[in-house]
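User: Could you walk me through the side-chain interactions in this structure? I would like to go through them one by one.

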Amino acid sequence: MKTSTRRPHSEDRAELSALEGRPVRWAARLTPYGHDTLAYGQSRPRAEPPPGEAASDRQLVELIPSQMAALRVFVGLASRLRVPPADGLAEQVRAASCDHGIKRWRLYLTQEQMGSVVYGLWLHRMTGSAAEANRFGREYGVVHSPVRASDEESPAVDGLPSAARADARGSAGVSGRG
């Protein structure tokens, strides 16, 4: 692959000098790859609370890579699930940014979306690894409870308003299989 920039000719530098009103000794012209890289980088979604929405209704959630991978699977299966992800969760997953310094994916989630994340991690737990759900439960005090979920239409989640009675008494811990 070619480099992202190339040095302009002396005629180009003369034209730039005239535009700038001062001598331009060095300039770079982007190759098509460099231009596309800038366009792509400027168009990438950012993990920030949506404009116009109160930031107080969203919580910053930082996921380790394996949690984010499980969440992507959950969101990707939306059309096949009987309890699909919460509204807006797919967009939050798409817009998530990775803080490479701490190796965490950053999302700003509503409480309904938090409940959906917990349900997705519970599904991941039932089919493979419990580590992701356990970690989320420890860090955010929110877990999926399949016992209460059978009495409700949507997944019951400890610590969220959708399960207000659980919120009043606090997190019940991470439930086992079943």
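User: Let's start with the charged pairs: what is the N to O distance where the side chains of Glu62 and Arg106 meet?

Analyst: Happy to help, with a word on the source: this is a predicted model, in which local features need pLDDT of at least 70, side-chain atom pairs count only at pLDDT 80 or more, and totals for chains, interfaces and linings use all residues. Residues are numbered from 1 along each chain as its sequence is written, and side-chain values use heavy atoms, with hydrogens and water left out. Glu62 and Arg106 form a salt bridge (a side-chain nitrogen of Lys or Arg within 4 Å of a carboxyl oxygen of Asp or Glu). The N to O distance is 3.6 Å.

User: How many residues apart in sequence are the parts that this pair ties together?

Analyst: Helices (H or I, at least four residues) and strands (E, at least two) are DSSP runs, numbered from the N terminus. Glu62 belongs to strand S3 and Arg106 to strand S5, so their salt bridge ties together parts that lie apart in sequence by 44 residues.

User: Is Glu62 buried, exposed or partly exposed?

Analyst: Buried means under 20% relative accessible area and exposed over 50%, with partly exposed in between (1.4 Å probe, protein chains only). Arg106, its salt-bridge partner, has 24% relative accessibility and counts as partly exposed. Glu62 has 22%, so the class for Glu62 is partly exposed.

User: How many salt bridges does the structure hold?

Analyst: Besides Glu62 with Arg106, Glu20 bridges to Arg22, with the closest N and O atoms 3.8 Å apart. Arg135 and Glu139 also meet, at 3.0 Å from N to O; they sit four residues apart in helix H6, about one helical turn. The total for the structure is three.

User: Turning to the core, which element gives the most residues to the largest nonpolar core?

Analyst: A nonpolar core is a set of buried Ala, Val, Leu, Ile, Met, Phe, Trp, Tyr and Cys residues joined through side-chain atoms within 4.5 Å. The largest one here has 23 residues, and those with the most contacts inside it include Leu63, Met68 and Phe136. Among the elements that give two or more residues are strand S3 (59-63), helix H3 (65-76) and helix H5 (111-127). The top contributor, with six residues, is H5.

User: Which residues does Met68 touch, not counting residues up to four places away in sequence?

Analyst: Met68 is among the residues with the most contacts inside the largest core. Contact here means heavy atoms within 4.5 Å. With residues up to four places away left out, the partners of Met68 are Leu63, Val93, Ala96, Trp105 and Leu107.

User: Are the rings of Tyr119 and Trp122 stacked or tilted?

Analyst: Rings of Phe, Tyr and Trp (its six-membered ring) pair if their centres lie within 6.5 Å; planes under 30 degrees apart count as stacked, over 60 as edge-to-face and the rest as tilted. Both residues lie in helix H5, three residues apart, about one helical turn. The centres are 6.0 Å apart and the planes at 15 degrees, so this pair is stacked.

User: And at what angle are the planes of Phe136 and Tyr140?

Analyst: Phe136 and Tyr140 are four residues apart in helix H6, and both are buried. Their ring centres lie 4.8 Å apart, and the pair is tilted because the planes are at 40 degrees.
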